[in-house]
Each structure stands twice: as C-alpha cells, then as structure tokens.
Amino acid sequence: MEPTSRPYVSVIIPAYNAQAFISFAIESVMIQPFKEIEVLVLDDQSSDDTLSVCRTLKKTYPRLRIFELRKCGAGAARNIGIRNAEGVWVMFIDSDDLYLKDAINESFSNKLREFEKNGVDVIYTPTAFSDYAIVEQLKKIPLETDPGIIPSTHFGGCIYRREFLINKHLAFYEYQKQDIETAFRFLVKLSADKIVADDSMLFYLRRDNPKSNTHTWDIQDVSEVKSLVYYDLYKKNTNDEKIRDLLYKVCLQQMNYYFRNCNCTRFVKDRAAFSKMRSIYMISLMKNGFLTRRIFGYRWILGSLRDYVQAVLFSRNSSPKTGTTKVEEKPLPEINSTCLFRRYMLASSFLLERSSETFK
C-alpha cells in the first residue's frame with residue numbers, strides 16, 4: 001500500500017553500478033524510527049543489477065522512488081532528485097554510505113520542525129567515518145563551527161530546506177566526469193540567509209570504499225572540470241575581493257594540476273578539453289596579471305608557465321608515457337551481506353551509545 005501522507009524528509013541517492021551496497025544505504029534510511037521519509041534512488045544506467053535490487057526493495061518500502069537515467073552523472077542525478085523531492089528537507093547520501101541506527105528519530109525530527117519554523121535554510125551536522133567493512137576506524141569528523149567561503153563540512157552531512165534550493169536556483173554542476181560538490185557547498189553558503197550547526201545531529205556514516213570515485217577518478221578529468229567550474233564561479237562573483245581571489249586561486253591551481261598531469265603521463269586524454277584549458281589559462285594570465293602576481297608570486301607563475309609549455313609540447317602524443325603502469329585494482333573485501341548489515345547495526349549502535357568514548 002502506498003503511503004497517504006506527504007514525506008517530511010527526502011533522501012536523494014544517485015547510484016551507478018552499486019549493487020554491492022545500495023541495499024544497505026536504502027535500508028539504513030527505511031529502518032529509521034522517523035517514518036515520514038522518502039528515498040529517491042536515481043540509477044544512472046548501471047550495467048550491473050543495481051536497478052533490480054532497488055525494484056525488489058520497492059516491494060517492501062513503498063516510499064522508495066526509483067528514477068532511471070541515461071548516463072548524466074551524479075550532479076545531474078542529484079538535481080533531478082531535488083526537483084522531484086516532496087519533503088520539506090532534502091538530504092543526500094552516496095550509494096556506498098549509510099545512516100546510523102536510530103539517528104533520524106523523534107528528537108531529530110522535532111529539531112527539524114523547529115529549524116523550519118525559524119526560517120533555517122541549511123543545517124550543518126557532524127559525520128562519522130569508517131573503513132569499508134565498518135568494523136574499524138570508527139571516528140567522528142568534527143563539525144565546522146566557523147565555515148569558510150567553501151565549507152569543508154561534507155555535503156552529505158548537511159540538511160537543506162528544499163524550498164530554499166528551488167527558490168535560489170541552487171544546483172550541482174552537471175558534468176558527467178565529476179559533480180564538484182565543493183562548488184555546490186560554496187553556492188549554498190553564498191546564498192543562505194540562515195545556516196545553523198548542530199553537533200548533536202550525527203546521522204551520516206561515510207565508508208572508505210576502495211572503488212568509489214574518490215579513489216578511482218582520473219586527475220586530468222577532475223582538474224579539467226574543477227578548472228571550468230571555478231572559472232565560471234569566478235566570472236560570476238567578482239564583487240567581493242576575498243571571494244574573487246579565492247575562486248581565481250582555486251581555478252589556476254586546478255589548471256596547473258591539469259598541465260602537470262599531462263607532463264607526467266606525456267599524454268592528453270581529451271584534445272578538445274586541452275584546447276579549451278589552454279585558452280582559459282592564457283586569457284586568465286593576460287587579463288589578471290596583477291591579481292595572479294599578488295596571489296601566487298613570480299616563482300609560482302614561472303613554474304606554472306613551464307608546466308604549461310611542456311604540456312603543449314606533449315599534447316601531440318597519442319599514447320601514455322612508455323612504462324606507465326596501471327595500478328592493480330583490488331577486489332572489495334569478501335563479506336557476507338547479512339554479516340555486513342549486522343556489523344553496520346552493531347557499529348552504528350556502538351557509535352551512538354558510547355559516543356563519549358569512541359570519539360575522543
């Protein structure tokens with residue numbers, strides 16, 4: 001039977017080839033004491049059984065909503081989730097992460113209602129971190145009390161008022177290679193009228209998954225997209241000198257990482273992207289020579305120009321540097337799924353019941 005009342009909280013989960021852990025992410029939400037929750041899984045054309053796992057769980061959990069996408073990337077998937085969510089509050093979770101046992105309870109929901117009444121746009125909360133099997137390295141990541149221009153607080157440990165995101169037209173950048181969630185955090189911080197931090201609302205458990213994007217991304221792809229994103233943000237935010245300087249600094253640093261990687265591998269993956277990066281780099285230096293000198297200094301600029309020139313010389317190569325070896329991919333730990341879920345329950349319960357000892 002489909003639930004009759006509207007959900008109060010929407011949890012958005014983009015998924016791609018996540019059959020090994022998507023069920024744990026979904027169930028960690030659905031078993032919470034607070035039941036006015038919906039889960040939106042956005043499957044980005046997975047080639048494994050992620051979709052069928054979700055469809056099976058749909059029979060047990062009517063408030064699980066499944067969206068089938070066509071290779072659009074995590075950023076676009078999250079944006080589709082925001083637009084289709086029905087809850088007052090929106091939360092994000094990666095498909096290989098979890099919510100802690102009994103974290104979203106009556107006290108949690110009461111706080112959300114109070115924050116809603118007080119016009120809060122964003123709530124920063126602490127997160128927990130563990131190894132992949134959730135049996136070691138259980139620790140709490142301290143909550144940022146004075147967030148900077150780009151808050152370091154993980155976006156998955158934040159709670160967003162959906163109306164605020166919609167009204168301010170806040171969205172993730174839609175690059176298939178990378179979603180650049182740091183840019184989303186920046187835009188949220190810049191646009192929010194009221195942000196609060198609550199150290200008692202711990203609910204998000206991040207797992208060190210060796211096959212996640214964090215461990216497997218390509219430096220050229222990531223630095224290329226980050227450069228384009230921060231260059232776009234820089235062009236749109238030139239009124240505040242402090243913000244402008246930071247965005248320009250991040251943009252040029254990412255371009256330098258990009259050209260340096262081209263040098264190390266003596267290989268350019270995407271020639272069209274390389275041409276675009278060359279153009280942006282030279283325009284930035286010519287138009288912002290004084291700003292570049294003030295932020296970086298002459299020594300950094302000379303080193304950056306050297307990396308750029310070498311990258312241009314290597315850009316004609318069609319294959320990686322001879323002798324380049326691919327890092328051997330290690331398989332995920334062989335853990336029985338039932339055992340893993342029990343470990344999750346025990347580990348999260350331990351975190352909550354003995355937090356004063358665990359988080360010292």
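Start with the whole protein chain: 51% of its 360 residues are buried. The model is a predicted one. Colour the chain by secondary structure, and 14 helices and 11 strands appear. Switch to a surface view next. The accessible surface of the chain comes to about 18100 Å², and carbon and sulfur atoms account for 49% of that area.

Go back to the cartoon and turn to the sheet. Select β3, β2, β1, β4, β9, β6 and β10, in that order, to step across an open sheet of 7 strands with mixed pairing. At its edges are β3, residues 64–68, and β10, residues 195–197, each of which pairs on one side only. From one strand to the next, the twist averages 20°. Strands of a sheet pair through backbone hydrogen bonds, either parallel or antiparallel.

Now select residues 122–124, which form β6, together with β10. How do β6 and β10 run, parallel or antiparallel? The two strands run parallel, and 3 bridges join them. To find one of the bridge pairs, pick Val122, whose partner in β10 is Ile195.

Move to the other edge strand, β3. Add residues 22–30, which make up helix α1, along with β1 (9–15) and β2 (37–43). Helix α1 lies across β1, β2 and β3, and its direction is at about 175° to that of β1.

Finish with the whole chain again and look at its contacts. Among contacts with a separation of 6 or more, 82% are between residues 24 or more positions apart. The sheet offers an example of pairing between separate parts of the sequence: Val122 in β6 has Ile195 in β10 as its bridge partner.

How values were computed
Residues are numbered from 1 along each chain as its sequence is written. This is a predicted model: local features need pLDDT of at least 70, side-chain atom pairs count only at pLDDT 80 or more; totals for chains, interfaces and linings use all residues. Side-chain values use heavy atoms; hydrogens and water are left out. Two strands pair if DSSP finds at least two bridges between them. Helices (H or I, at least four residues) and strands (E, at least two) are DSSP runs, numbered from the N terminus. Axes are lines fitted to C-alpha atoms, for helices over the stretch in contact, and angles run from 0 to 180 degrees between N-to-C directions. Contact means heavy atoms within 4.5 Å. Buried means under 20% relative accessible area, exposed over 50%, partly exposed in between (1.4 Å probe, protein chains only). Accessible areas come from the Shrake-Rupley method with a 1.4 Å probe; for residues, only the protein chains shown count as cover.
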